[in-house]
4 protein chains.
Amino acid sequence: MKNVPFEGVIAYPITPFDEKENVNIPLFKQLVERLVVNGSQGIAPLGSTGVLPYLTDEEKEELTEATMQQVAGRVPVLVGVSNLTTERTLYHAKFAEKAGATAVMILPMSYWKLTEEEIVKHYDTVARHISIPIMAYNNPATGGIDMSPALLKRLLEIPNVTMIKESTGDVQRMHYLRKELGEEVAFFNGSNPLALAAFAAGAKGWCTAAPNLIPELNLALYEAIQKNDLAEAQKVFYKQVNLLKFIVQKGLPRTVKAGLNILGEEGGQLRSPLQPLSEVENQELVSLLKECDILSPSFG
Amino acid sequence: MKNVPFEGVIAYPITPFDEKENVNIPLFKQLVERLVVNGSQGIAPLGSTGVLPYLTDEEKEELTEATMQQVAGRVPVLVGVSNLTTERTLYHAKFAEKAGATAVMILPMSYWKLTEEEIVKHYDTVARHISIPIMAYNNPATGGIDMSPALLKRLLEIPNVTMIKESTGDVQRMHYLRKELGEEVAFFNGSNPLALAAFAAGAKGWCTAAPNLIPELNLALYEAIQKNDLAEAQKVFYKQVNLLKFIVQKGLPRTVKAGLNILGEEGGQLRSPLQPLSEVENQELVSLLKECDILSPSFG
Amino acid sequence: MKNVPFEGVIAYPITPFDEKENVNIPLFKQLVERLVVNGSQGIAPLGSTGVLPYLTDEEKEELTEATMQQVAGRVPVLVGVSNLTTERTLYHAKFAEKAGATAVMILPMSYWKLTEEEIVKHYDTVARHISIPIMAYNNPATGGIDMSPALLKRLLEIPNVTMIKESTGDVQRMHYLRKELGEEVAFFNGSNPLALAAFAAGAKGWCTAAPNLIPELNLALYEAIQKNDLAEAQKVFYKQVNLLKFIVQKGLPRTVKAGLNILGEEGGQLRSPLQPLSEVENQELVSLLKECDILSPSFG
Amino acid sequence: MKNVPFEGVIAYPITPFDEKENVNIPLFKQLVERLVVNGSQGIAPLGSTGVLPYLTDEEKEELTEATMQQVAGRVPVLVGVSNLTTERTLYHAKFAEKAGATAVMILPMSYWKLTEEEIVKHYDTVARHISIPIMAYNNPATGGIDMSPALLKRLLEIPNVTMIKESTGDVQRMHYLRKELGEEVAFFNGSNPLALAAFAAGAKGWCTAAPNLIPELNLALYEAIQKNDLAEAQKVFYKQVNLLKFIVQKGLPRTVKAGLNILGEEGGQLRSPLQPLSEVENQELVSLLKECDILSPSFG
């Protein structure tokens, strides 16, 4: 039986910066605390939401350690360690393991399109040098590579690659994984607007930045699924779907920061070239948060 | 309240031909009878499955009349009347209405990409001259036009356009329709591999050729949804998903004919250029029918 | 040596309709005459420009005969005979041959995506029953099938398939054809905005509706190429490129009709669902015709 | 008049590594020397070919300085300084300027898709802090963003953004740039298989890794264009097109290294996850080099 230490709603914190665009660790810890307190069933720092590729090695290490300290064992922690080179990926995977991470997530980042052999070797090299489980992450929109279901199946043959995160937005990929790999395969949905369809297809969990803004609705969806109550899941999903689409479409770091500010929370600054939402986008987000009942209709 | 005379599993018969590639009406009636007897909640002749665009005007009229006679009011009938020109579309819509069809289905067929205005005018012209409801059908893969959710919304403002059939294979289109148009909007799923995701998203029915081969499984999925039993729906769906993918991928008329033959039924001939499945494809279909428990494991 | 009876600028007439949307044969002949008189090196009725798929069998026959009468041997004639069924394609190919056509053009029209075997059989069946050459036409945007260069190569092995018309808009397809098939292969460009790139790549001719509006510029491009004068070809091409893009983008039948009207010529009516250009589009076309020096700067 | 210090064939060296995957500076200098001696009209280190994004800041600085020393003013040098963050892009742009680079090339690298405003601000920030010209580089396949011609036009309004490199592989982008921006706009082609089409469209130069393997053929193409001899350009282009396609398809760093080895030159190692060509791919490259007359037909 494979080691799959996650299920349910896995929350992705943003990485906040100060006025000089340096990482703001105290604020980061505060944002992690909110996610834990609000019921997230896992915490995943250094994901796309956490602008992993825009950070230096030192910043990644600090953020990993800050997460472990703040979470303090209350929920499992999934640390993103993706890097263009195999050497750096391995370095950060070892660091995360030593820091106490429950598992690491690896996206095969690509500048030059990698061959299947290159991808398998990349994962295999990392896997052989660490003992904690690996979540293989497929997200062509950010990573630049689309791993076929057949390739994902191949990666799962590596002993400690035990989880798949699918973010293509194509529910048929999940059907394939489930059919090919059996009911025990642990696939996680990383495409917010597909949350309902993915759970209906059997996803074990939902990797999402949405709990930064609407944790109750996110958790309510998972609970309805666990109770086998499709009607309720549908109702809860349609309440949040427009917000889920918006945060994906406009970019998770930018929209989470803007949403936190609207909700009266500190969200820190972005690192350039990323820029804040425009005023029009901000107003749209206000409306969507009202639709989710997280903001009062009379707000603003 | 809009007039929506369909729900559940709407079955699409193939159009069988004889050795000279002429339409075989007696065999067609026999195939329609099987669909009704096996529990389909609607019959839809002259769809893509029925190779509508490969038929002459006279053949379309004969097939419409044959369906009405054979179904004889047991279930509602949805007649496909799509044509490249507005004049011919209207002609066949009127014919279907006079023959007693419950509703007509119209795909905006395209050779020259139509503008939104041209599409609206096309539907509007037909709608003004008939009294029965129209199902607007979006299927870019066969029709050559991808109608945006916003355009579909516009079409629904025409009084007797009361139903949408979505076959893009993108479940997010259904989310949009449901969100924009409210819970009463009647959208039907026309993408077989999305059957579970579409019902989870609130689809009112499933337009499918699959009941020609596996009616019990198709109906069982709809029943599980009606009972709000997602776990059962998931189980039933995964049993049939590989067959559903195969018939779409290899083409419905070709695979339904081949499947009927495997099941010991007459399926008639195809009209050229369409050709029978290869022997390898045929064997694959045998395996998939076994996976669906419709063929005994010892078959062949 | 293969029989390739075309080269240079092959002009596509529109099919004009009267107020009742019936084909207007006298006006059609007048439009064909303009094309011949203006120097076109071939005439191609019943193409996409001529709205072939929107016509009845009888109309196609009338238009074929009208073209032969009007051209009267002054230039070669290429008749479009594409149809969804093999039987109808063969019927019209035979009709064109009997009427005196120099060659026929066949697009593998598709509703159900055809397999490679089905496409080869389709061409082969027609080719075995006629003696005149066939131009195989690849245009996924209208025909719905994208024939790979490898498939086109296979079609050229059929003795009287002697010409390829490429309309994918990808100049690399032409490179492939030329490399794989040698310098003698006769490939024709059907993508107007690629006219210069295609001639530079070695295209033998240009299949285009543009001579309905700007014959001098079209011919000047071909002449510069024949004189090996790239600098001149570039100059002439950039003069017309924006018009070429516009007529493709807005649809050839609609833009040619509008352009004829602007130039003071009769263009007839369109057949629904096709509708005239909007007023804004019309003004844009006026500007583009001025840019081509075919309209005086003071027009309008 | 804008400052455009490049034209003709701009050659991209690979970055060679030693057995421990550390940068091999002496071998790099040797490879740069070959490119200069073989007639390249510009040298561009730290491009995609030079695996820029796989390098540390220190390595980038060493490679920049090594290039300047080796080239020693014989031809202009274009240094790649692209980075995900604005801060690091600016840092390397300043370093390149100080080191004596003629110009810098900037690809708007993206993990989170950038808005147009973010892209403009990114370029503008860098441009305001350096005095040498900038080449804006559009390559969605590696950079993850497709800058529209309209956006490129906007970037050209920044005073020292004076050159565009287009690598989308769509010759129509070049038509647009030339039409919109006039004959003086300096656009460079970065898509090897489009070399002929791009020069025919008016490209001022060709940014390419091919001179590492077939410098004579690359230069011969440019010379034919300068002599306005399209027939010769076509002949020379078709001789090399299959090699050009291959090196793009299999990845420039991997194929250049393999090709150098086949030609008896040192090419160093790759940095993981990039791996050498397979034996089959290597044999294919041997055939292609023979086709280019750079290897004798009896080789191997």
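This is a short chat about how the chains of a predicted model meet.

Visitor: What should I know about the model before we start?
Guide: This is a predicted model, where local features need pLDDT of at least 70, side-chain atom pairs count only at pLDDT 80 or more, and totals for chains, interfaces and linings use all residues. Residues are numbered from 1 along each chain as its sequence is written, chains are lettered from A and ligands numbered from 1 in the order in which they are written, and side-chain values use heavy atoms, with hydrogens and water left out.

Visitor: How many residues does each of chain C and chain B put into the contact?
Guide: Chain C gives 29 residues and chain B gives 29 residues. Contact here means heavy atoms within 4.5 Å.

Visitor: And what area is buried there?
Guide: About 2700 Å² is buried between chain C and chain B, and carbon and sulfur atoms give 64% of that. Buried area is the accessible area (1.4 Å probe) that two parts lose on being put together, summed over both.

Visitor: Which residues of chain C lose the most area to chain B?
Guide: They are C:Tyr111, C:Trp112 and C:Pro273, which together make up 31% of what that side buries.

Visitor: How many salt bridges cross between chain C and chain B?
Guide: The rule finds two, a salt bridge being a side-chain nitrogen of Lys or Arg within 4 Å of a carboxyl oxygen of Asp or Glu. C:Arg254 forms a salt bridge with B:Glu118, and their closest N and O atoms are 3.2 Å apart.

Visitor: What kinds of residue are on the chain C side?
Guide: By class, the side of chain C that touches chain B has 14 nonpolar, ten polar and five charged residues. Ala, Val, Leu, Ile, Met, Phe, Trp, Tyr, Cys and Pro count as nonpolar, Asp, Glu, Lys and Arg as charged, and the others, Gly among them, as polar.

Visitor: New topic. What turn lays chain C on chain B?
Guide: A turn of 180 degrees, with a shift of 0.0 Å along the axis, lays chain C on chain B with an RMSD of 0.0 Å. In chain C, the C-alpha nearest the axis belongs to C:Gly144, 3.4 Å from it. Copies are superposed by least squares on the C-alpha atoms of residues with pLDDT of at least 70 in both.

Visitor: What about chain D and chain A?
Guide: Chain D can be laid on chain A by a turn of 180 degrees and a shift of 0.0 Å along the axis, with an RMSD of 0.0 Å. The two copies are thus related as by a two-fold rotation axis.
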